[in-house]
Amino acid sequence: MLRIETLCLGLATSLCVLACGDDSSASRGDSGQSATASDASAQGTGIDASTSPDATLGLDGALPGTTPHGDAASQPDSGADAARVGANLSCEQLTLAASTALRGALEVNRGCAVDSDCKEVWLSTSCYDGCSSIASAAQAQKLESAIGEQNSTSCAAFKARGCQYIAHPCDPPGGAVCIVGECREYRGSLPVTQPDGGVGVSPVRLDNPASPATADLKTGQRLELTLRTVGGGGYAEPTVSSVALRFVESFLPRLQNPGGPTKVFVFEAASPGTVQVSIPHSARPDPFKLTVNIR
């Protein structure tokens, strides 16, 4: 009887083991599939599934698929980049950064030989408007590059932060002309053209002539008079005897002699006639005298 009971018990145990084995096999199969999914998720996030208890989570604990690496939708856009660029700058500071960059571009060589070497440019970005200026070819090229760079950096950060940009009105620009080797804004009338409609009339240039001096102009032509001082004092603004010659402006060119100031006076012939020009000097008793004949 004992042997039969033992045999029955052994048979029952075998059947139980067999049944339990089927269940555990199915369970092992499910576990294997789950582990594989965890491995795949972990490979995508750089997390080791064998050691991480949260292997099924993505990077920073996000669920798989919410921040998949390599997915274009998950990459930071230009707005986010811009926000990081300007994270520590105020709206005013971002505008100032753009202004400084554009103004700096105009510090390069402004040299010229003729009026056509100069052009009108606009110091304008999507977060700053400095109105117009006059530039040489080298300056214009540098400015164009600076505008593009600021639109993608400072101004992009300005927009990303929700800053408000209001463009202010600008005065009408003057003409772009070359005066004594520098590109400048000319508020007088532009030089008249020759009868054949060809090249504009070249200006008359007098470079530190002895006083009294004489100049012959055509109507509409510019006169560029350069006077130098050696020692103390300097030349003041001129007086003109007739409206036939109009005084446009005077300025100190960038290239100066250490011995004393150099000053440029710009005039324009408005109509035929003979005009007397007198330019006083602060340290000399006699003014500089010039006779201008306009035809």
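**Disulfides and backbone features of a predicted model**

Modeller: Strand 7 (222–228) and strand 10 (262–269) each contribute at least two residues to the lining of the largest pocket. This is a predicted model, in which local features need pLDDT of at least 70 and side-chain atom pairs pLDDT 80 or more, while totals for chains, interfaces and linings use all residues. Residues are numbered from 1 along each chain as its sequence is written, and side-chain values use heavy atoms, without hydrogens and water.

Colleague: What makes 222–228 a strand?

Modeller: Strands are DSSP runs of E with at least two residues, and helices are runs of H or I with at least four, numbered from the N terminus. Residues 222–228 form strand 7.

Colleague: Why is the link of C91 and C163 called a disulfide?

Modeller: The term requires a pair of cysteine sulfur atoms within 2.5 Å. The S to S value for C91 and C163 is 1.9 Å, so the pair qualifies. The torsion about the S-S bond is about -75°, and the disulfide is therefore left-handed. C91 lies in helix 3 (residues 91–105) and C163 in the loop between helix 5 (154–160) and strand 3 (175–179), so the link ties together parts that are 72 residues apart in sequence.

Colleague: Why is C163 called buried, and C91 partly exposed?

Modeller: Buried means under 20% relative accessible area, exposed over 50%, and partly exposed in between (1.4 Å probe, protein chains only). C163 has 11% and is therefore buried, whereas C91 has 26% and therefore counts as partly exposed.

Colleague: Why is the disulfide of C127 and C155 called left-handed?

Modeller: The torsion about its S-S bond is about -65°, so the disulfide is left-handed. C127 lies in the loop between strand 1 (118–124) and strand 2, and C155 in helix 5, so the pair ties together parts that are 28 residues apart in sequence. C127 is buried at 1%, and C155 is buried at 3%.

Colleague: How do you know that C131 is unusual in its phi?

Modeller: Most residues other than glycine have a negative phi, and most peptide bonds are trans. C131 is not a glycine, yet its phi is about 60°. C131 lies in strand 2 (residues 129–136) and is joined to C170 by a disulfide with S to S 1.9 Å.

Colleague: What makes the bond from S211 to P212 cis?

Modeller: Its omega is near 0°. P212 is in the loop between strand 5 (204–207) and strand 6 (213–217). N208, in the loop between strand 5 and strand 6, has a positive phi near 50°.

Colleague: What makes a set of grid points a pocket?

Modeller: On a 1 Å grid over the protein atoms alone, a pocket is an open set of points where a 1.4 Å probe fits, with protein on both sides within 12 Å along at least five of seven lines; lining residues have an atom within 4 Å of a point.
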